[in-house]
Amino acid sequence: MKALQNQSISRDGENLSPWQVNLDSERESLGPVAEEIFDCIVIGAGITGITTGLTLRNAGKKVIIVDAHNSGFGTTGGTSAHINTFADTTYKEAESAFGEDGAKLFAGAINSGFKIIQKNIESYNVQCDFETKPGYVYAEDEDQVKQLEDLYEGTANVNVPISYVDKIPVPIPFKKAVLLPGQAQFHPLKYIQSLLKEYITAGGIIVEGTKIEDIKTVGGIHSAVSGKKIYRSENIIYATHIPPGINIFSFRCAPYRSYVLAVKLKSGAYPNALVYDMQDPYHYFRTHEIEGEELLLIGGNDHKTGHDDPEKAFDNLEKYVRKHFNISSVKYRWSSQYYIPVDGLPYVGQIPFYAPGIYCATGYNGNGMMLSSVSAEILADTILGNQHPYAELFSPSRIKPVDGFTEFVKENADVVYHFIADRLSVHETDSLKRLKPGTGKVIKLDGRKVAAYRDEQGKIHALNPVCTHAACIVNWNAEEKSWDCPCHGARYDIEGRVLNGPAERDLAKIDLE
């Protein structure tokens, strides 16, 4: 049983990652889904959703995956695709927040996610450029040395292999470094497209280009509504990076953008490793062959979504690359979004205050490859009635009143600031003539705030700048040509359509005439 709809690759911004270029995602269209009750509706066709769908389908469950765009849209298509045995939340930080046993469980979860990817690749003979490589983390000053020593101690305490080394495979001066053997990398869209093929072969259904607008629950059956279409199921999983609407995760997960360049080196001396510095935010390096050409991928300069200047972030990243490497050209540049949870660990399971049987997985920080994979296993086991060893640790209902409280206050105070300050910073203007082609800006026109973008043909695209999620004022992202909300990370294209984040409704268009 399968029912697919053709959907050309759409993008969540102006810049495509190398994974999104020349990838064939067209699939056969077999008409509407029959009226039936599924065991599970998975909303979102990224790595979390597809892995969950395949796991459930292999267990004999009737599953439908529904995506507003296409498989791999958003963060899965924009990841730098590092697969690690360690995480952005260090094991020492996890021990501080969740105790020694919690840190060991977290390490187990990270490494379990790694093994799930490996197992899928081996079981389904997935051709996705998967390679295992050593990982290096290095410190450049005394403060970073102390952080590196904490990283070493915490990692060793949870029995993840780590050792000090005297050399690193990048031409950057350092004071101290560690080696973490057995890291890995792959092509994320080749990977999920292969899993999706297996899912469809097993009888799973996917519907793309279909946005779920509402969920209604009657008698334990959930109805997912998209226009006149209704899909019914006993269970629903939001595999959308963050669940839509205003909910507990709006206050517990902070949205960030990360920037990546893929560059050609004149020397041809590409590091055969995954490498990380300890700056804040940190830089990350790896090599990947793309269409027969070896390239160095360098990422970093992360900042909260809707804050700072994306153009400056890319410029500074390129300056950093050119400072340390002799590059001949920049082949790709792109950015992607992720969410940082206040207490450092993801939220996976039943959504608090929602009807029973509505689940999510969110708050992966920068470790989406491993955490999405283990989250898929947790969600599948929950629906199958199995107790998963990491379900309690990652439960969205966990309460940590002390650990994470500082981050909770900081991030939400920032939301309040932007809710007020961005309204006061919009200045009155009597003309749109100064808006150059290809640029956007929130302006005040005849007493009314307008998110205005002038396209290359000179046409103005005018929108209400009030985010439909929580009524903050959006900011213009010149790099991705999108309107980004600085409060909770909702993003919209120049026509006001939701790209990602928790917003459920598009920005309203304004007729300037």
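**Buried cysteines, one disulfide and local backbone features**

Cysteine 472 has a relative accessibility of 1% and therefore counts as buried. This residue is a useful place to enter the structure, which is a predicted model. What is the bonding partner of cysteine 472? Cysteine 472 forms a disulfide with cysteine 487, and the two sulfur atoms are 2.1 Å apart. That separation satisfies the cut-off, because a disulfide is assigned to cysteine sulfur atoms within 2.5 Å. The structure holds 1 disulfide in total.

The positions of the two partners show what the bond connects. Cysteine 472 is placed in the loop between strand S23 (460-463) and strand S24 (475-477), while cysteine 487 occupies the loop between strand S25 (482-484) and strand S26 (491-492), so the disulfide ties together parts that are 15 residues apart in sequence. The torsion about the S-S bond is about -95°, which means that this disulfide is left-handed. Like its partner, cysteine 487 is classed as buried, since its relative accessibility is 2%, a value under the 20% limit for that class.

Other cysteines can be considered in the same terms. For cysteine 467, the closest cysteine sulfur belongs to cysteine 485, at a distance of 3.8 Å, and this is too far for a bond. The reason lies in the same cut-off, because a disulfide requires sulfur atoms within 2.5 Å. Cysteine 467 is nevertheless buried, with 3% relative accessibility. Cysteine 128 is likewise buried, and its relative accessible area is 1%.

The chain as a whole gives the setting for these residues. Its secondary structure consists of 9 helices and 27 strands. Of the 513 residues in the protein chain, 58% are buried. Contacts between residues at least 6 apart in sequence can be divided by separation, and 69% of them join residues at least 24 apart. The area that the protein chain exposes is about 21,400 Å², of which carbon and sulfur atoms supply 49%.

Serine 373 offers a view of a buried position within a helix. This residue belongs to helix H8, which spans residues 368-384, and its relative accessibility of 1% places serine 373 in the buried class. Which residues does serine 373 touch, if those up to four places away in sequence are not counted? They are Ile47, Gly113, Ile116, Ile117 and Gly368.

The backbone also has several local features in loops. The peptide bond that runs from aspartate 280 to proline 281 is cis, and its omega is near 0°. Proline 281 is found in the loop between strand S14 (274-276) and strand S15 (284-290). The loop between S15 and strand S16 (293-304) contains glutamate 291. Glutamate 291 is not a glycine, yet its phi is positive, at about 50°. With a relative accessible area of 57%, glutamate 291 is exposed, because that class begins over 50%.

Asparagine 159 also has a positive phi, here about 65°, although this residue is not a glycine. Is asparagine 159 buried or exposed? Its relative accessible area is 65%, so asparagine 159 counts as exposed. Asparagine 159 sits in the loop between helix H4 (142-157) and strand S6 (163-165).

Methods. Residues are numbered from 1 along each chain as its sequence is written. This is a predicted model: local features need pLDDT of at least 70, side-chain atom pairs count only at pLDDT 80 or more; totals for chains, interfaces and linings use all residues. Side-chain values use heavy atoms; hydrogens and water are left out. Helices (H or I, at least four residues) and strands (E, at least two) are DSSP runs, numbered from the N terminus. Buried means under 20% relative accessible area, exposed over 50%, partly exposed in between (1.4 Å probe, protein chains only). Contact means heavy atoms within 4.5 Å. Accessible areas come from the Shrake-Rupley method with a 1.4 Å probe; for residues, only the protein chains shown count as cover.
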